[in-house]
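Here is a short briefing for a first look at this structure. Keep the sequence and the 3D view open as you read.

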Amino acid sequence: MLELTKRITHVDASEIHDNLVLPYELRIRGRLRATTETNLDVGLFLDRGPVLRDGDLLEAKSGEIIRIRAAEEPVVTARVETGLPLARLCYHLGNRHVTLAIGEDEQGAFVRFPPDHVLEELAERLGAIVVHHTATFDPEPGAYNQAGQGHSHGHSHGHSHAHSHGESHDHTHAAGHPHAHGHKHTH
């Protein structure tokens, strides 16, 4: 078994030993046992965090170079007019904290995501034409992803209030935080 331990950025195409075709669900893992296109057993022993992208290169301890390829998998592609309708679609889908691929092809701009009837209905309500099919899924890495390094952030939701009367109200956070905190104040 080849132990793939190092991410590398560029080699000559003649140096690529084999391809490892993986769906997105497996490209997010740092530890994995798999089989290449030529039935070579490989094990991934990588740092956690950065997602393997289509075309990424990995080097084995023994020097072989393996190229990652995104597998064809079930996806939903939503198409809507570019401009504000597309921006609105991206905003509302992204606000659900799901992985999205945003792209453009000969048919125009699209948003692609794993099949999910709730997201599909939302896209249709926003005017998109939704198509189920198989394609590679290589979603956006996210605004906090820099130089292949993931970034996570927590949310603090502490609230302090001074009210001189009985009052009930909600505190709803801005975009990106689709949850509310209800508070009942009785003094």
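The points below go from the whole chain to its helices, its cores and a few single residues.

This is a predicted model. The chain holds three helices and twelve strands. Of its 187 residues, 34% count as buried.

**Overall picture and confidence**

- The chain averages a pLDDT of 82, and 76% of the residues score at least 70.
- Over residues 146-187 the pLDDT is below 50. Beyond near neighbours in sequence, that stretch still has 51 contacts in the model.
- Where pLDDT is low, the predicted coordinates should not be read in detail.
- Take the contacts between residues at least 6 apart in sequence: 59% of them join residues at least 24 apart.
- About 11,600 Å² of the chain is exposed. Carbon and sulfur atoms supply 49% of that area.

**Helix H2**

- H2 spans residues 84-94. Its buried residues are Leu86, Leu89, Cys90 and Leu93.
- Seen down the axis of H2, these buried residues fall within an arc of 95 degrees, so they line one face of the helix.
- The general rule behind such a pattern is simple: an α-helix has 3.6 residues a turn, so residues three or four places apart point the same way.
- The cover over the buried residues of H2 includes S7, strand S8 (101-105), S9 and H3.

**Helix H3**

- In H3, residues 117-125, the buried residues are Leu119, Glu120, Leu122 and Ala123.
- These buried residues sit on the same side of H3, because they cover an arc of only 160 degrees around the axis.
- The other side of H3 has His117, Val118 and Arg125, which are exposed.
- What do the buried residues of H3 pack against? Their partners are strand S7 (72-79), helix H2, strand S9 (108-113) and strand S10 (129-136).
- Aspartate 116 caps the N-terminal end of H3. One of its side-chain oxygens lies 2.9 Å from the backbone nitrogen of valine 118.
- Just after H3 comes glycine 127, with a positive phi of about 95 degrees.

**The nonpolar cores**

- The largest nonpolar core has 16 residues. Those with the most contacts inside it are Ala78, Leu89, Leu93, Val111 and Phe113.
- S7, H2, S9 and H3 each supply at least two residues of this core.
- Which element gives the most to this core? H2 does, with four residues.
- A second, separate core has 14 residues, including Leu22, Leu32, Ala34 and Leu52.
- Look closer at valine 111, which belongs to the largest core. Leaving aside neighbours within four places in sequence, valine 111 is in contact with Val76, Thr77, Ala78, Leu86, Leu89, Cys90, Leu93, Leu100 and Ala101.

**Two threonines**

- Threonine 77 is found in strand S7. Is it buried or exposed? Threonine 77 counts as buried, because its relative accessibility is 3%, below the 20% cut-off.
- The side chain of threonine 77 makes a polar contact with the side chain of arginine 112, at 2.8 Å.
- Beyond neighbours within four places in sequence, threonine 77 is in contact with Phe110, Val111, Arg112, Ile129, Val130, Val131 and His133.
- Threonine 134 is found in strand S10. Threonine 134 is exposed, with a relative accessible area of 51%.
- Not counting residues up to four places away in sequence, threonine 134 touches Glu72, Glu73, Pro74 and Val75.
- Threonine 134 and valine 76 are 58 residues apart along the chain, yet their C-alpha atoms are separated by 8.1 Å.

**Loop residues with positive phi**

- Asparagine 39 lies in the loop between strand S3 (31-35) and strand S4 (41-45). Its phi is positive, about 65 degrees, although asparagine 39 is not a glycine.
- Asparagine 39 counts as exposed, at 66% relative accessibility.
- Histidine 97 is in the loop between H2 and S8. Histidine 97 is not a glycine either, but has a positive phi of about 55 degrees.
- At 58% relative accessibility, histidine 97 counts as exposed.

Key: Residues numbered from 1 in each chain as written. Predicted model: local features only at pLDDT ≥ 70, side-chain atom pairs only at ≥ 80, totals over all residues. Heavy atoms only, no water. Buried < 20%, exposed > 50% of the residue type's maximum accessible area, 1.4 Å probe, protein only. Arc of directions from axis to C-beta. Contact = heavy atoms within 4.5 Å. Polar contact = N/O pair within 3.5 Å; in protein donor to acceptor, adjacent residues only side chain to side chain. Areas by Shrake-Rupley, 256 points an atom, 1.4 Å probe, with all protein chains shown as cover. Core = buried A, V, L, I, M, F, W, Y, C linked by side-chain atoms within 4.5 Å. pLDDT = per-residue confidence, 0-100.
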